[in-house]
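The exercises below concern selected helices, strands and contacts. Try each task before reading its solution.

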Amino acid sequence: MDFRLLGAIEVGGQAAPLRRQERSLLAILLLRANESVPLAELVDLLWPDDPPADARGSLQVYLSRLRKALPGITITSTAAGYAVQVAPDSIDVERFRRQLASARKESDPVLRADGLRRALDLWHGDPLADLTPQATRDRLTAGLVEEHASAVEDRVDADLQAGRHAEVEAELAGLVRQHPERERLMLAWMTALYRSGRKPEALQAYVDGAMRLAEEFGLDPAPALRRLHLAILRDDPSLRLSAMPRAESAVPRELPVDISLLVGRDDLLADVVRVLTTPARQRPAVYCLWGGAGVGKSAAATRSAHLVAEQFPDGQLLARLQDVGGEGLPARTLLGRMLRSLGLEHSQVPATLADREQAFRELTADRAVLVVLDDALDAETVTSLLPAGARCAAIVTSRKPLPELTDAVHRQVLPLDPLTSRGLLARLIGRTLREQSTLAAVADECAGLPLALRIIGSRLALSGDDALPQLAGALADDDQRLDSMVAGDLAVRTSLGRTLALADPDARDLLARLSLVGVTEFPSWVAAPLLDCDESAGAAIFDRLVDLGLVELVTEQRYKMHALVRAYAAEQLAAATGADESLRRYLEAVYKLEVLADSNAAHGVTLAAALPDPDHPVLPETEASILADPMAWFEQSWPLIDAAVAACLGTGRIELAAWLGLRINGFYVVSDQREQRIGMLEAIRDALRGDDAIEPAFRGSNAIEPALRGSDAIEPALRRSDAIELALRVDLGLIPAYEGSAAELLAMSERVVTQARAIESVELQVRGLIQVANHARHDLRLDRDREALEEALELIDHRAGPAELRPAVVRNLASNSAERHDYASADRWYREVLEVVPSDTMHEIYALILSSEVLVESGQYDEAAARLTRCREVCRLLRSGFFEAQVDCLLASMAIKQGDLAEARRLLDVARTWFEKSPRVRVAVLMGAYESDLAMALGDFWTGRRIRLELIEDARQRGDRLVEHQIRYLLDNDDRDPLNPARRA
């Protein structure tokens with residue numbers, strides 16, 4: 001069966017009896033005859049704009065119709081895609097290429113011209129002339145059109161060498177009009193005119209051509225054209241003896257097939273095109289694309305090369321600078337291939353590297369040649385392969401920056417953003433999957449790497465919805481993630497391995513050990529304990545990993561590593577030695593830095609005052625930054641500390657986990673990260689229960705340590721007691737006052753007090769009584785609240801209880817008075833607290849906020865404003881945005897009472913921006929109370945009542961009788977409310 005593609009598509013000498021899409025499918029398969037075409041590529045070519053929902057099913061229908069319409073054709077299906085099995089000689093494209101290659105080998109110009117003419121005679125129109133859509137046809141035929149144009153130029157060249165200038169003169173005039181940018185055609189036409197005795201017309205052709213190049217393309221005539229023009233002016237004898245001066249008879253077209261789908265690179269491509277096509281250059285344009293493994297450097301380079309290929313009519317060369325194993329290829333070997341591509345016979349290629357470099361410079365000096373150098377390992381090899389002519393250009397890709405290429409434009413190719421990644425994955429799959437949220441999560445796991453997205457896309461294109469849940473689960477699992485990133489010969493693990501092979505031993509070790517840190521973003525100081533080096537050396541090693549694209553610089557001295565690299569790093573760690581010692585050094589460094597920050601934060605709520613301070617300095621540069629701003633260090637480092645706690649628990653370092661947890665507790669209180677705090681400390685508690693490490697961990701707690709000191713008999717009792725968990729919960733503040741049933745929490749706290757009495761621990765009794773008071777208040781048992789606080793005060797004042805807890809007890813007594821609306825007594829208690837509370841601590845913040853609330857309610861606005869101003873100062877000192885937002889709420893409440901509703905609205909909006917970061921019950925109660933107050937002041941009574949009724953119902957369901965009572969009091973006593981019972985009466 002014979003197939004013709006060089007014109008309208010024909011089968012057996014007749015128009016193909018096929019529908020449009022079957023005809024397109026046949027053409028695509030025949031152009032890649034006996035080669036598997038991936039399903040994703042077929043879908044992209046058949047439906048470039050809007051693929052159907054079930055593209056795979058539609059494709060199966062077309063294949064079935066093809067087989068029925070052409071029973072003699074064989075189409076096979078494999079995991080890699082679909083292939084048509086035919087004899088190469090049965091396709092006119094293959095016959096054309098074979099005839100072309102054979103003709104070009106002829107040394108006699110007459111035989112060469114005739115052979116090229118026979119090859120060109122196989123064309124009977126534009127290739128695939130009846131194929132639609134136009135976009136698909138253009139993509140499929142771009143290479144064929146260039147092959148045809150190059151063959152025409154070779155045939156004209158041979159005709160001129162055979163003395164047929166008169167025969168081709170008219171033909172060349174038409175070809176030059178159609179293709180003024182093709183230098184070889186202009187050279188041939190001027191030569192034909194001159195040799196036909198038409199020197200003036202030859203000179204005018206040059207002038208007209210130069211003007212057209214300038215007007216339409218912004219280009220000057222190439223050096224070869226300028227030299228020919230000068231030779232014609234001088235009647236150079238060489239014009240009569242040589243066939244024609246031209247750029248080169250061999251015009252290589254070595255660019256790989258353009259990538260079918262490239263997204264998110266428009267700005268990058270535009271910049272490459274601009275640089276490579278800038279006119280009137282003094283030297284070759286060089287553009288270096290560098291980036292991490294799988295980020296799409298080669299794809300961007302290939303697309304860029306295709307976009308500018310026409311500007312380099314003397315050919316496009318491709319050199320891959322690594323072999324399949326990732327080893328660098330010698331510049332001498334690569335130059336040998338490139339010289340042969342430019343027309344030198346094997347015997348003409350020089351032997352030494354220096355001679356080959358010189359020959360390459362000479363061959364490219366007067367040409368417009370584009371060189372693509374893919375996967376460069378070093379600048380030295382690249383320099384040897386750069387063309388010499390000013391009209392030449394080069395695109396270089398590398399996994400690391402090559403700053404030694406001083407004349408190049410350097411651009412890092414970054415991962416795609418999440419939205420672009422999801423769009424690319426959807427297009428690669430070719431149809432809509434049901435679980436879009438799962439698909440989005442899968443796309444995000446690919447970390448913006450086009451390589452990973454193409455692998456996952458090809459897998460889902462074949463399997464679809466059925467494989468999506470399993471694939472999503474594998475990608476979320478560190479142990480399975482890289483195993484899922486394999487499709488055919490594409491593998492993220494292989495790509496990362498080739499990148500890591502470029503790293504020095506220290507960089508490889510650091511990458512592996514970074515998996516011990518347990519977070520995706522980390523400061524540079526982690527390298528020092530991981531590698532047992534100093535901070536500056538560690539930062540330098542980080543910079544080398546950044547250069548390889550394995551980690552990314554976020555801000556100065558902070559880096560991040562995406563999940564795929566982290567999984568690869570964990571695999572490298574498994575094969576490394578000394579990992580446990582590295583982890584030990586790292587965890588100890590984290591703890592020492594944490595102690596320094598906690599000791600100097602002065603927030604006043606540390607739980608680890610009795611723990612011994614480790615020696616300093618350990619990491620001098622980092623410690624200096626901690627001393628300058630301890631809370632800022634905590635803000636950046638708390639995820640790392642939390643991960644360190646998890647690492648301790650996972651490796652049996654229970655005591656160190658407890659110490660880490662106790663030391664960060666104060667920061668969590670100040671920043672009001674309640675969920676994070678509870679989750680971490682409960683994990684520590686669970687590990688401590690029944691473990692031999694429980695006693696030293698308790699000894700580290702300033703609440704439990706005095707009870708244990710000097711009393712060996714108590715330790716076994718504590719271990720056996722069910723109250724251990726409760727004692728730890730009290731000490732670590734794990735009983736949230738606004739969440740859970742107040743009655744249940746009260747009963748739990750009462751049991752703690754009973755156990756504390758049994759072991760005669762005064763300190764634990766006081767702490768337990770404070771918890772009892774808090775939960776009794778929320779259960780609206782105000783008498784039990786006051787009774788517990790008075791007992792705690794008695795223990796402190798007369799039984800050598802913990803004096804540092806006295807301000808907390810007095811503050812709670814003030815809160816009890818405030819709940820009874822006894823504002824005078826509450827104010828008196830708060831004034832006592834403010835006289836003794838440590839300045840610039842959380843204790844001062846608590847006292848200032850609560851006392852200001854009482855002052856606002858009692859109408860003492862000036863003094864309230866002064867206390868809130870002081871409170872804001874302390875909040876900012878301790879970097880506590882959450883409590884500063886409460887200051888804004890109280891100022892808003894005062895503004896409402898003073899009639900400044902616009903200011904109240906502004907302050908509540910500011911507070912909301914903070915509270916939105918912490919959407920919890922406590923926040924909802926605070927904002928709801930103030931928003932309802934503002935609504936009432938604005939006359940929007942229905943909104944005010946609705947908010948309050950919702951808060952009441954929510955409090956009732958949670959068992960928080962205090963909040964229910966507070967909001968009910970507002971609802972029943974607000975004289976602005978037309979439905980207020982007292983107002984109606």
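Helices here are DSSP runs of H or I with at least four residues, numbered from the N terminus. The model is predicted.

**Exercise 1.** Compare the end-to-end span of helix H37 (residues 762-778) with the expected one, then state how its residues are covered and what follows the helix.

Solution.
1. The expected span is 1.5 Å times one less than the number of residues.
2. For the 17 residues of H37 this should give 24 Å, and the end C-alpha atoms are 25 Å apart, so the two values agree.
3. Buried means under 20% relative accessible area. In H37, 16 of the 17 residues are buried, leaving the helix mostly covered.
4. After H37 comes Leu 780, with a positive phi near 60°.

**Exercise 2.** Repeat the span check for helix H26 (residues 563-574) and list its buried residues.

Solution.
1. H26 has 12 residues, for which 16 Å is expected at 1.5 Å a residue.
2. From first C-alpha to last, H26 reaches 17 Å, close to that expectation.
3. Buried in H26 are Ala 563, Leu 564, Val 565, Arg 566, Ala 567, Tyr 568, Ala 569 and Leu 573.

**Exercise 3.** Is Asp 580 buried or exposed? Locate Asp 580 and give its C-alpha separation from Thr 651.

Solution.
1. Asp 580 lies in helix H27 (residues 579-601).
2. The cut-off for exposed is over 50%. Asp 580 has 52% relative accessibility and therefore counts as exposed.
3. Thr 651 is 71 residues away along the chain, yet the two C-alpha atoms are separated by 9.3 Å.

**Exercise 4.** Describe the packing of helix H23 (residues 505-514) against helix H25 (residues 535-547).

Solution.
1. The two axes come within 9 Å and cross at roughly 90°.
2. Angles of 65 to 115 degrees count as roughly perpendicular, so H23 is roughly perpendicular to H25.
3. H23 contributes Asp 506, Ala 507, Leu 510, Leu 511 and Leu 514 to the contact, and H25 contributes Ile 541, Phe 542, Arg 544 and Leu 545.
4. By class, the contact holds 7 nonpolar, no polar and 2 charged residues.

**Exercise 5.** Which strands stand at the edges of the sheet S1-S2-S3, and why does each have a side without a neighbour?

Solution.
1. The 3 strands form an open sheet in the order S1-S2-S3, with antiparallel pairing.
2. Strand S1 (3-4) and strand S3 (14-15) are at the edges; each has a single partner strand, so one side of each lacks a neighbour in the sheet.
3. Strand S2 (residues 10-11) pairs with S3 over 2 bridges in the antiparallel sense, and Val 11 stands opposite Gln 14 in S3.

Technical notes
Residues numbered from 1 in each chain as written. Predicted model: local features only at pLDDT ≥ 70, side-chain atom pairs only at ≥ 80, totals over all residues. Heavy atoms only, no water. Buried < 20%, exposed > 50% of the residue type's maximum accessible area, 1.4 Å probe, protein only. Pairing = 2+ DSSP bridges. Axes fitted to C-alpha atoms, helices over the stretch in contact; angles between N-to-C directions. Parallel < 35°, antiparallel > 145°, perpendicular 65-115°, else oblique. Contact = heavy atoms within 4.5 Å. Nonpolar A, V, L, I, M, F, W, Y, C, P; charged D, E, K, R; others polar.
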